[in-house]
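Me: Please take a close look at one glycine, then widen the view to what surrounds it. Short sentences would help, as I am in my first year.

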Amino acid sequence: MPPTAEPQPPHGGVPDPAGPADPAGATVAAGGRLRRTLSFRDLIVYGLLFIAPMAPVGIFGTLQAKSHGAITLVYVVATIAMAFTAYSYAQMVRVAPQAGSVYTYARVGLGEGAGFVAGWMAMLDYLLIPAVAYLFSGIALHSLVPSVHQWIWTAVAVVVTTLLNLWGVRTAAVVGFLVLAMEIVVLVVFVVAAVWVLATDGAQRGWTVPLTGEGGFSASAVLAAVSVAVLSYLGFDAIAAFAEESAGGSKRVARAVLTCLVVAGVLFAVQTYLAALLAPMSAAELAAKPAEQGDAFYTTANAAAGEWLQKLVAASKAIGAAFAALAGQAAAGRLLFAMARDRRLPGAMSKVDAGSGVPRRALLGAAVVTLVAAVWAARRDDGLDQLSSIVNVGALTAFGLLHASVIGYFWLRKRAAAPKVLSHVVIPLLGLAVVVAVIVEASPTAQVVGGVWLVIGLAVLAVQYARGRRADLPGV
């Protein structure tokens, strides 16, 4: 095998549809194939952009109120919960190094029907999570320039980042790297300022409160907050959507998935711990005043170090959230592209633009849905709460099918010559148990919306089977 060729997946997995890479690292592109141009750094950039180093800023107040003040524990638990999912992604990306992420993995491990359901449920979140990020950007920009309504800022962010995505994956990755560097610098400034204030003026509450809560620990409150906090982590799985565009093969994608999760978990725990110690409003006060929750982190920055830090964090969040949405929109486009290529969505979205090498129509389709959802939410007082309450159930359902796919592929389908109990059964089962627990603790609105979306998806699948639209899956 030539050294630049993509290694074949183990255990009879799915061959890479993108084909072999040329010496320059680009896939021999034709028809519906994507170009293999992304380095390990590019994958990390896309993952951390979608996650966003300061992702807790936008939902800090909401999580403080829901967890009764134990926000740092919420992120520790969420990181552990997502670690099981990241491990299952790492297992399956080696088996099926294709665009489509969990959609492809469920097809390989569980069959066509489960694959469609996984892709359908993930689609709900890949289309709405960027809308939440764009709304964060609009809120932050409106706080800096109040004369311009937040829905206008939100729409501008959608248009600018969509144009970058259409320009090409490499261009978006380069610009994204610069934005990511800026976000990390701002986060470092916040951490230094917070430590200085704590050292000179002390904390507003006990040093263990961010881990134990105010007025007593509540496991149900923490789990309820975890169901929202997982929104901050969904970027790490988006890396898997770029498997066909990774120049280093599936092992590099798996390593990038795990790396992003670890980095994000550390960043989230540190910043929420410091902010919780300095927050001028208690968790009970935030719960009693929902209107104050969206600006809680900015208020904390202002109270701790002054208006300069508040504006710096707001500006960083405005730019960072827009580019988190850029990465999410790109991943959504790849998911739509993969499902269209398999004749599960209109075939027009399976076309790859010859000039930019991106699935242009799929990207535009995702951008239109995201724009409508983001602007609708930006024009409502409760828009952020409405969006953030429903976006996670779809992803959690897809994560559950991902864990089942690992078991299905390595054990039930008897693909592995020597399946490993810990890697292929125990860890996926633990991950599945965590996912189910978080879904149970999700808001009733989220459960209803997720259930309705699932029923619609099953109806679509039934119609497709009735019409005989069954895609072929190489290697299965």
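Reply: G394 counts as buried, because its relative accessibility is 0%. Buried means under 20% relative accessible area, exposed means over 50%, and partly exposed lies in between (1.4 Å probe, protein chains only). This is a predicted model, where local features need pLDDT of at least 70 and side-chain atom pairs count only at pLDDT 80 or more, while totals for chains, interfaces and linings use all residues. Residues are numbered from 1 along each chain as its sequence is written, and side-chain values use heavy atoms, leaving out hydrogens and water.

G394 lies in helix α17. Helices here are DSSP runs (H or I, at least four residues), strands are E runs of at least two, and both are numbered from the N terminus. Beyond its neighbours within four places in sequence, G394 is in contact with M121, A122, L124 and D125. Contact means heavy atoms within 4.5 Å. The C-alpha atom of G394 is also 9.0 Å from that of V449, although the two residues are 55 apart along the chain.

Helix α17 (391-412) also helps to cover another helix, α9. Other parts of that cover include α2 (56-66), α3 (71-95) and α18 (421-441). Helix α9 spans residues 219-229, and 8 of its 11 residues are buried. They are A221, V222, A224, A225, V226, S227, V228 and A229.

A229 leads on to Y75. Leaving aside neighbours within four places in sequence, Y75 touches A229, and also P56, I59, L63, S232, Y233, F268 and T272. Y75 and L63 also appear in the largest nonpolar core, which has 144 residues. A nonpolar core is a set of buried Ala, Val, Leu, Ile, Met, Phe, Trp, Tyr and Cys residues joined through side-chain atoms within 4.5 Å. Together with Y89, M92, Y105, M123 and F297, these two touch the most other members. Helix α14 (residues 307-341) gives the most to this core, with 20 residues.

Between α2 and α3, the loop holds H68. H68 is partly exposed, because its relative accessible area is 37%. Its phi is near 60°, a positive value in a residue other than glycine.

Helix α14 also packs against α1 (residues 40-51). Their axes come within 7 Å and cross at roughly 115°. Axes are lines fitted to C-alpha atoms, for helices over the stretch in contact, and angles run from 0 to 180 degrees between N-to-C directions. From α1 come Y46, L49 and F50, which meet F323, A324, L326, A327, G328 and A330 in α14. By type, the residues of this contact are 8 nonpolar, 1 polar and no charged. Ala, Val, Leu, Ile, Met, Phe, Trp, Tyr, Cys and Pro count as nonpolar, Asp, Glu, Lys and Arg as charged, and the others, Gly among them, as polar.

Now the whole protein. It has 19 helices and 0 strands. Of its 476 residues, 58% count as buried. Among contacts between residues at least 6 apart in sequence, 80% join residues at least 24 apart.

Last comes confidence. pLDDT is the predictor's confidence in each residue, from 0 to 100. The protein averages 79, and 83% of the residues score at least 70. Residues 1-12 stay under 50, with 28 contacts beyond four places in sequence in the model.
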